[in-house]
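Grab a coffee and open the viewer: here are a few exercises to work through with the structure beside you. Try each one yourself before you read the solution.

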Amino acid sequence: MMPGNVVPEPSIATAAALAALNISQHDAGETGAADTSLASSIFGCVGGVGDLGGFAPTHENGSRRSSTDHFLEDIEEATAQSHTKLSQEEIRELRERLLKTSNTEGLVQPEVDLNKLQNISDDGGQRHSHSGVQFEGECLEQLGPAIPDWMHNRPYATLDFIDFDHHNQDIVGPLGDVAISSQEHQLLEDLLSLMTGIEGIYITLDRQHNNDELPYRTFVVDSSVERSVQALVQKVLPVCSQYAQLMRFIEDNSEHHRGLVNHALSAALTTLIKDYLLLVLQLESQQRSGVLTLHRLWYYVEKTAPVMDMLAAVTHAITKSKSRGGAVLSLLHAKVQSLTGCGKLQDMIVYLAKAAAQPYLACLNAWITQGLIHDPYCEFMVEDSEAHKSPQEAWDSMQSSSDNHGSTVDNYWQRRYTLVAHNVPSFLASQVELILRTGKYLNVIRQSASSGNGGGLPGSGPRPPTQQQELLPVCYHPDDHQYLPVVEAAYALASKTLLQHLVTDQHLINRIRSLKQYFLLAQGDFISQLLFLCETELAKPLDDVLPHRLEFLLELALRSSKDTGYQDSIHTVLLPYTLIDQMMRILSIETAEEQDHRQALQRLDLTGIEGFSLSCSVPWPASLVLDTRTLFCYQMLFRHLFYCKHVERQLCKVWMSNKSGKRMPLSTRRSYTAAFLLRQRMLSFIQNIQYYMMFEVIERHWHQFLIDMNTVESVDEVLQHQSHFLDKCLKDCLLTNPDLLRTLTKIINICAAFANFIL
């Protein structure tokens with residue numbers, strides 16, 4: 001308690017500031033007495049004021065009441081005594097008491113120029129536009145519920161300084177004309193008001209240098225004040241400016257379109273400002289009891305000054321860079337790293353980072369555990385281009401992106417979920433690809449299940465609830481390495497679930513086997529039927545070949561051979577370039593030879609056999625594994641093997657035609673001996689090269705591929721083994737070495753030219 005058991009009441013300004021931040025005087029007392037929060041440990045409590053509960057008078061039963069209760073009781077007593085309405089004298093007396101309570105030391109408040117106040121209102125208000133920041137994209141202004149106009153047109157609905165000019169010198173004279181003790185007393189009143197965003201009488205805003213573009217407020221102290229006193233005042237003024245900066249940031253970033261991260265950060269700053277206002281309340285209590293001096297004020301504020309400076313610097317950086325979402329978290333995380341070893345200052349920024357990261361990490365947890373994106377303000381690192389559509393509409397859009405002979409669903413899936421680089425927090429940059437794929441895998445299962453594609457999972461969720469409970473939520477931590485185990489666990493579970501769905505419901509292994517049967521010529525009766533039926537049509541120039549006729553002949557060959565499944569997904573395609581041009585174009589990408597091959601493709605004159613190939617339409621979601629690149633590799637192997645098979649067939653025809661030479665005279669037959677020997681060497685070469693590719697390369701790697709597929713635990717392992725199998729086949733079939741490929745192609749073309757010449 002204060003000396004003489006006199007308990008001063010807080011000023012209406014400080015009480016209003018606390019009320020605006022949802023703090024009651026009773027709550028203020030409990031918070032000040034306990035002093036257990038992180039902010040209180042930094043802002044501290046003023047010595048000599050241990051129980052803030054003494055700020056309000058108490059009834060006999062111990063309940064607190066404010067000064068307003070006194071006035072209401074006086075009114076009730078006056079009314080009860082007169083049993084009539086209050087007289088004019090009684091009303092005037094009560095009015096004078098109210099003015100004495102609300103004014104500072106009995107000074108009459110200057111009259112406000114209503115015309116200037118109206119001009120502020122007509123300009124749209126300054127509450128939500130102090131910083132003058134326009135966040136990227138005008139459409140962001142439309143996000144969230146609309147803000148009513150009165151939120152902008154009421155200049156007093158702010159805890160920042162009200163920017164209109166008034167002249168106190170018309171009411172009071174220069175402060176330097178009074179004693180230094182009186183100067184100090186009046187300056188204390190002004191400083192305590194400035195610390196809560198209210199302009200003082202002798203310390204006013206510097207309106208010549210203050211504008212919305214400057215980060216901090218500047219003030220002008222009455223020039224007649226003693227120099228030593230001014231020096232102490234100047235030490236405290238930065239805290240007042242920083243408080244104004246924080247309040248502008250809180251009010252500006254509390255609107256809906258600023259985003260959930262800025263909302264959470266503003267709420268955390270509001271919690272810290274509450275403790276700051278409690279400090280001001282304690283200082284005001286000492287000032288009213290007559291024990292507070294400028295030196296004591298600076299002693300108490302000195303500990304708060306670096307905290308306020310740090311908070312103001314962080315908010316100014318966010319405002320200046322117009323950051324939202326993940327960019328705000330990156331700035332906060334960088335500040336946390338820069339304050340390593342600074343103790344409580346780092347703890348303060350960690351507290352702000354944790355609070356600001358909560359809505360962002362909640363969206364991240366929903367993405368990596370359920371595959372859902374709830375991002376109403378476009379702050380998350382992953383963007384869904386189909387977010388405005390229902391799940392069924394998204395599925396229909398995906399199906400419409402496929403044609404009859406070649407699915408482009410995998411391309412659609414790559415475009416639907418994309419990364420937004422500026423929304424990726426720096427502490428998650430190393431895990432961003434895992435995060436993206438985790439959510440994609442979960443959405444694969446959801447889309448497949450919702451379309452009736454055999455999702456095999458309970459409900460509409462991507463995995464059983466028991467599996468979801470195994471994952472720990474992602475929480476903010478200053479150490480970047482703490483996120484990797486959580487993200488990897490979520491990714492492993494999503495990948496394993498998707499793999500089970502692909503193998504069990506989509507029959508992935510059987511589909512890969514069918515590709516081997518048709519593209520790698522493992523089914524001999526099919527390729528023999530195809531060559532027999534299409535040989536005449538493929539002998540024509542490429543422009544004269546009828547695609548629909550080839551499609552009919554392919555279907556006939558498929559029906560005439562053994563059914564190994566998925567025959568309806570196999571189609572024909574005519575490519576306007578040869579295999580060697582295709583491979584050389586791939587191998588010469590970003591080299592000087594690339595342009596030569598581009599020009600060579602424009603003047604090719606091909607036959608149907610040189611441009612013929614197969615294609616395969618793979619339904620969703622098996623196309624995630626059997627994507628365009630994988631089918632492209634199968635297609636190149638098929639073209640190589642198919643052309644070798646065609647040349648072998650032509651050489652066999654030459655051998656059959658040479659049987660007629662047995663009826664020739666011996667002398668005549670000897671003249672063909674060299675040709676017969678050349679034909680036999682060519683046939684032996686073609687057969688041996690086919691044997692090498694079919695048995696020494698493809699079958700050996702295929703056997704290892706099946707062994708690896710029996711041990712896979714995730715979709716990534718399937719993709720890795722599939723890619724390894726195809727790469728080894730392409731390499732060992734001499735398709736990836738330019739020199740060997742040119743030599744082999746030249747030899748095969750010579751064999752084909754010889755067979756065509758003989759026939």
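**Exercise 1: a helix pair**

Phe-526, Gln-529, Leu-530, Leu-533, Cys-534, Glu-537 and Leu-538 of H20 touch Arg-549, Leu-550, Leu-553, Leu-554, Leu-556, Ala-557, Leu-558 and Ser-560 of H21. Keep in mind that this is a predicted model. Work out how the axes of H20 and H21 are arranged, and what classes of residue make up their contact.

*Solution.*
- Start with the residues: the contact of H20 with H21 has 11 nonpolar, 2 polar and 2 charged ones.
- Next, the geometry. Helix H20 covers residues 524–538 and helix H21 covers residues 547–560; their axes come within 8 Å and cross at roughly 155°.
- Angles over 145 degrees count as roughly antiparallel, and H20 and H21 are therefore roughly antiparallel to each other.
- Last, the hand: H20 and H21 cross in a right-handed way.

**Exercise 2: two loop residues with an unusual phi**

Find where Leu-521 and Tyr-566 sit, and decide for each whether the residue is buried or partly exposed.

*Solution.*
- First, the background: most residues other than glycine have a negative phi.
- Leu-521 isn't a glycine, yet its phi is positive, at about 60°.
- You'll find Leu-521 in the loop between H19 and H20. With 9% relative accessibility, Leu-521 counts as buried.
- Tyr-566 also has a positive phi of about 60° without being a glycine.
- Tyr-566 belongs to the loop between H21 and strand S5 (570–574). Its relative accessible area is 26%, so Tyr-566 is partly exposed.

**Exercise 3: H19 and H25**

Say how H19 and H25 are oriented to each other, then pick out the peptide bond that joins Trp-620 and Pro-621 and classify it.

*Solution.*
- Take the axes of helix H19 (residues 508–519) and helix H25 (residues 628–658): they come within 9 Å and cross at roughly 25°.
- Angles under 35 degrees count as roughly parallel, and that is therefore the label for H19 and H25.
- On the H19 side, Ile-512, Leu-515, Tyr-518 and Phe-519 make the contact, while H25 offers Leu-631, Tyr-634, Gln-635, Leu-637, Phe-638 and Leu-641.
- Sorted by class, the contact of H19 with H25 has 9 nonpolar residues, 1 polar and no charged.
- Now the peptide bond. Most peptide bonds are trans.
- The one joining Trp-620 and Pro-621 is cis, with omega about 5°. Pro-621 lies in the loop between strand S6 (612–616) and H25.

**Exercise 4: which side of H10 is buried?**

List the buried residues of H10, say why they count as lining one face, and name what covers them.

*Solution.*
- Helix H10 spans residues 294–301, and its buried residues are Leu-294, Leu-297, Trp-298, Tyr-300 and Val-301.
- Look down the axis of H10: the buried residues fall within an arc of 165°, so they line one face of the helix.
- Flip to the other side of H10, and His-295 and Tyr-299 are exposed.
- The cover over the buried residues of H10 includes helix H7 (180–194), H8, helix H9 (260–289) and H11.
- One more link to H8: Lys-235 is in that helix, and its C-alpha is 9.3 Å from that of Val-301, though 66 residues separate the two in sequence. Lys-235 counts as partly exposed because its relative accessibility is 41%.

**Exercise 5: H8 against H11**

Describe the packing of H8 and H11 by angle and axis distance, then give the hand of the crossing.

*Solution.*
- Helix H8 runs over residues 227–252 and helix H11 over residues 305–321; they pack at about 40°, with their axes 9 Å apart.
- That angle makes H8 oblique to H11.
- The crossing of H8 and H11 is left-handed.
- From H8, the contact uses Val-239, Gln-242, Tyr-243, Gln-245, Leu-246 and Phe-249; from H11, it uses Ala-305, Met-308, Asp-309, Leu-311, Ala-312, Thr-315, His-316, Ile-318 and Thr-319.
- The contact of H8 with H11 splits into 9 nonpolar, 5 polar and 1 charged residue.

**Exercise 6: zooming out**

How many helices and strands does the protein have, and what share of its residues is buried?

*Solution.*
- The protein has 29 helices and 6 strands.
- Of its 759 residues, 47% count as buried.

Terms used: Residues numbered from 1 in each chain as written. Predicted model: local features only at pLDDT ≥ 70, side-chain atom pairs only at ≥ 80, totals over all residues. Heavy atoms only, no water. Axes fitted to C-alpha atoms, helices over the stretch in contact; angles between N-to-C directions. Helix = DSSP H or I, 4+ residues; strand = E, 2+ residues; numbered from the N terminus. Parallel < 35°, antiparallel > 145°, perpendicular 65-115°, else oblique. Left-handed = near helix turned anticlockwise from the far one by under 90°. Contact = heavy atoms within 4.5 Å. Nonpolar A, V, L, I, M, F, W, Y, C, P; charged D, E, K, R; others polar. Buried < 20%, exposed > 50% of the residue type's maximum accessible area, 1.4 Å probe, protein only. Arc of directions from axis to C-beta.
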